[in-house]
Amino acid sequence: MYPPLAKVRYEELKKLRETKKMLGTSLFLNWAIGPILMVSLAWILLPEPEMAPYRTGLILIGLARCIAMVLVWNMLAKGDCEYCAVLVALNSVFQILMYSVLAYFFITVMTPIISPGSESIEIDIGMADIAKSVLIFLGIPFAAGVASWYFIARRKGREWYDKVFAPKISPLALIGLLFTIVVMFSLQGDHILQHPLDVLRIGIPLVIYFILMFFMSFGLSHRLRFNYSQSATQSFTAASNNFELAIAVAIGTFGIASSQAFATVIGPLIEVPVLISLVNVALWIKRRYYDDMGRPVRRHRIKRN
């Protein structure tokens with residue numbers, strides 16, 4: 001978690017006042033529509049009581065807004081890099097403040113309302129357990145990232161920080177994530193081989209989630225007359241998730257061999273190919289629905305006489 005948080009341009013937060021309309025749209029998509037959509041898909045597609053741990057894992061994914069890979073998707077889709085940096089910084093702060101509260105609400109409070117008599121393991125999750133995991137796995141690296149920006153970037157210069165320091169720490173994020181995935185698949189290899197349909201059932205709501213969030217975000221941004229680069233940034237920020245945090249919280253709360261953790265680790269395996277495909281879709285949308293200056297255009301049907 002430290003490398004992506006260390007690369008956030010926290011100085012860009014001063015631009016929040018300049019983009020109130022876009023920020024309001026992004027917060028609505030990320031912290032209202034996204035979680036509700038994932039919770040809905042989890043309950044609709046995994047309604048059985050035995051699927052409860054997988055549902056919990058999906059909900060943890062839906063609440064973790066992307067602060068790392070979105071930088072990559074945004075760059076490939078030719079989005080607004082400065083605006084993306086602002087959203088990454090804002091979502092980092094929001095996750096510190098809201099993740100444990102929303103996770104407790106959707107998993108513990110809403111479960112008995114949606115499904116009375118659900119298993120106790122589904123509803124006996126304390127906010128303190130989730131908050132502790134968020135504090136350890138997001139709060140500490142977030143503080144370290146801010147400290148790195150303050151003490152290193154501001155003294156050595158942003159150019160040196162981006163070109164020398166950031167490339168040196170970047171591999172740590174990938175190494176850590178790959179190590180976690182390898183360990184988890186090593187512990188749950190038998191489960192994967194014996195229950196391939198479970199992997200498929202976890203993957204289906206994730207694919208639907210990515211696609212719906214992407215097109216809803218692009219459609220809303222186009223309607224609000226945001227330019228292409230801003231629309232692309234909105235869409236990829238809303239459609240992708242912070243799987244590192246979801247995996248960490250699932251492990252910290254339920255254990256590394258739990259079904260909840262297993263569901264979260266399926267996430268990045270699904271996200272990468274889907275989001276790469278959506279990059280190409282975004283570039284196609286740019287050619288069809290935006291002019292050469294990146295401004296949205298409306299295509300009307302030609303009426304035949």
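A pocket here is an open set of points on a 1 Å grid over the protein atoms alone, with protein on both sides within 12 Å along at least five of seven lines, and its lining residues have an atom within 4 Å of a point. This is a predicted model, where local features need pLDDT of at least 70, side-chain atom pairs count only at pLDDT 80 or more, and totals for chains, interfaces and linings use all residues. Residues are numbered from 1 along each chain as its sequence is written, and side-chain values use heavy atoms, with hydrogens and water left out.

Let's start with the two pockets. Volume is the space filled by probe spheres set on the points, which are joined across faces, edges and corners. Ala, Val, Leu, Ile, Met, Phe, Trp, Tyr, Cys and Pro count as nonpolar, Asp, Glu, Lys and Arg as charged, and the others, Gly among them, as polar.

| Pocket | Volume | Lining | Make-up of lining |
|---|---|---|---|
| Largest | about 980 Å³ | 36 residues | 24 nonpolar, four polar, eight charged residues |
| Second largest | about 290 Å³ | 15 residues | 12 nonpolar, two polar, one charged residue |

In the largest pocket, K7, A68, M69, L71 and V72 are the lining residues nearest the centre. Two or more lining residues come from each of α1 (2-6), α4 (69-76), α5 (81-114), α8 (158-194), α11 (243-254) and α12 (259-289). Helices are DSSP runs of H or I, at least four residues, numbered from the N terminus. The top contributor is α8, with nine residues.

And what lies nearest the centre of the second largest pocket? That would be M1, G176, T180, E244 and A248. Its lining draws at least two residues from each of α1, α7 (127-156), α8 and α11. Again α8 gives the most, this time five residues.

Now for α11 itself. Its 12 residues should span 16 Å at 1.5 Å a residue, and the end C-alpha atoms are indeed 16 Å apart; the expected span is 1.5 Å times one less than the number of residues. Buried (under 20% relative accessible area, with a 1.4 Å probe and protein chains only) applies to F243, L245, A246, I247, A248, V249 and A250 of this helix. Right after α11 comes G255, with a positive phi near 105°.

Finally, L29 sits in helix α2 (residues 20-45) and is buried, at 3% relative accessible area. Leaving aside residues up to four places away in sequence, L29 touches G34, M213, S217, L220 and A238, where contact means heavy atoms within 4.5 Å. L29 and A238 are 209 residues apart in sequence, yet their C-alpha atoms are 6.1 Å apart in space.

Definitions and conventions
Buried < 20%, exposed > 50% of the residue type's maximum accessible area, 1.4 Å probe, protein only. 1 Å grid on protein atoms, 1.4 Å probe; cavity = no way out; pocket = protein on both sides within 12 Å on 5 of 7 lines; lining within 4 Å.
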